[in-house]
Amino acid sequence: LAALQGANARPVAAEPANQELHSWGLSGESWLVLAIGLVATFGGGAVMFREARQARRRESQLARDAAALAAAYAELEAAKTRAEAKNAQLEATLSGMSDGVIMVDADLRLLQWNDRFPDISGVPREVVRVGVSLEEMVRAQALAGEFGAVDVEAEVQRRMKWVRELPHGVAIERARPNGRALELRIAALPGGGFVALYTDITTRK
């Protein structure tokens, strides 16, 4: 019987380990390639999602920054408009004055003046400009003979010393070479500098 069974026995083929893979018509290598592709696809999708989210955040931040800049610009424009209005009002006031007026900073440099100032003070118009030093204006007066026959540099130093030491609010008078009488008053400004008022007082004499 054993011999008969051995004679009639047929070899039974072993089940392939990748039978399920073959059932889909794919080899083991093809499945590996497919799996790698799927991982890459889903992984790439996650990266794209993160990048899109970051892009939206950047756009949102840019929008907030743009709004802040627009608000700051609007405030600057409003401040500029207010300053220009005040400046125009000041200029209108100064130009309507019969006295000469100047404003100098803490370094004794000219900040502002009215149109009457050069004529009433004797400072040549070509010398008067923003930033010119008070010393240069005094020197121009001395050279023009406003202080009589004097040593120009000595007179300049004397008058600059007088300006620095003179108690503000005190009225000083001087006679000009053209026969006009002039009164000068100085008022201190907060933070340094002063405003000087030049008044023609000839009719009072």
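This report walks through a pocket, a nonpolar core, a helix and some salt bridges in one protein model. Keep in mind as you read that the model is predicted.

**The pocket**

Let's start with the largest pocket, which has a volume of about 340 Å³. Several elements give two or more residues to its lining: the helices α5 (134-143) and α6 (152-165), along with the strands β3 (171-175), β4 (181-188) and β5 (194-200). In total, 22 residues line this pocket. If you want to find its centre on screen, look for R159, W162, R174, L184 and Y198, the lining residues that lie nearest to it. What sort of residues make up the lining? The split is 16 nonpolar, 5 charged and 1 polar.

**The nonpolar core**

Now for the largest nonpolar core, which has 26 residues. The members that touch the most other members are I102, L134, M137, F194 and Y198. Two or more core residues come from each of β1 (100-104), α4 (116-121), α5, α6, β4 and β5. Which element gives the most to this core? That's α5, with 5 residues. As a general point, nonpolar side chains in soluble globular proteins tend to be buried together.

Y198 deserves a second look. You've already met Y198 as one of the residues nearest the pocket's centre, and Y198 is also on the list of core members that touch the most others. Leaving out residues up to four places away in sequence, Y198 touches D99, G100, I102, F117, I120, S121, L182, E183 and L184. I102, which is in that set of contacts, is another of the core members with the most touches.

**Helix α5 up close**

Helix α5 gives residues to the pocket lining and to the core, so let's zoom in on it. Its buried residues are L134, M137, V138, A140, Q141 and A142. What covers them? The cover includes β1, β2 (110-113), α4, α6, β3 and β5. Past the helix comes G145, whose phi is positive, near 85°.

Q141 sits in α5. Is Q141 buried or exposed? Q141 counts as buried because its relative accessibility is 7%, and the cut-off for buried is under 20%. Not counting residues up to four places away in sequence, Q141 touches S121, G122, V123, E146, F147 and R174. R174, you may remember, is one of the residues nearest the centre of the pocket.

**Just after β5**

I201 lies in the segment after β5. With a relative accessible area of 2%, I201 is buried. I201 touches E173, A181, L182 and E183, again not counting residues up to four places away in sequence. Take E183: along the chain, E183 and I201 are 18 residues apart, but their C-alpha atoms are separated by 6.5 Å.

**Salt bridges**

Side chains of opposite charge can pair when their charged atoms come close. How many salt bridges does the model have? The count comes to 13. Here are three of them.

| Salt bridge | N to O distance |
|---|---|
| E135 and R139 | 3.0 Å |
| R139 and E153 | 2.8 Å |
| E165 and K161 | 3.1 Å |

R139 shows up in two of these rows, with E135 as one partner and E153 as another. The R139 and E153 pair links distant parts of the chain, with R139 in helix α5 and E153 in helix α6, 14 residues apart. E135 and R139, on the other hand, both lie in α5, 4 residues apart, or about one turn of the helix. Why does that spacing suit a pair? An α-helix has 3.6 residues a turn, so residues three or four places apart point the same way.

How open are these residues? E135 is partly exposed, with a relative accessible area of 27%. R139 is partly exposed at 23%, and E153 is partly exposed at 38%.

The third pair, E165 and K161, belongs to helix α6, where the two residues are again 4 apart, about one turn. K161 counts as partly exposed at 48% relative accessibility. E165 counts as exposed because its relative accessibility is 53%, and exposed means over 50%. Elsewhere, D115, D119 and R125 are joined into one network by salt bridges that share partners.

Notes:
Residues numbered from 1 in each chain as written. Predicted model: local features only at pLDDT ≥ 70, side-chain atom pairs only at ≥ 80, totals over all residues. Heavy atoms only, no water. 1 Å grid on protein atoms, 1.4 Å probe; cavity = no way out; pocket = protein on both sides within 12 Å on 5 of 7 lines; lining within 4 Å. Points joined across faces, edges and corners; volume = space filled by probe spheres on them. Nonpolar A, V, L, I, M, F, W, Y, C, P; charged D, E, K, R; others polar. Buried < 20%, exposed > 50% of the residue type's maximum accessible area, 1.4 Å probe, protein only. Contact = heavy atoms within 4.5 Å. Salt bridge = Lys/Arg side-chain N within 4 Å of Asp/Glu carboxyl O. Core = buried A, V, L, I, M, F, W, Y, C linked by side-chain atoms within 4.5 Å.
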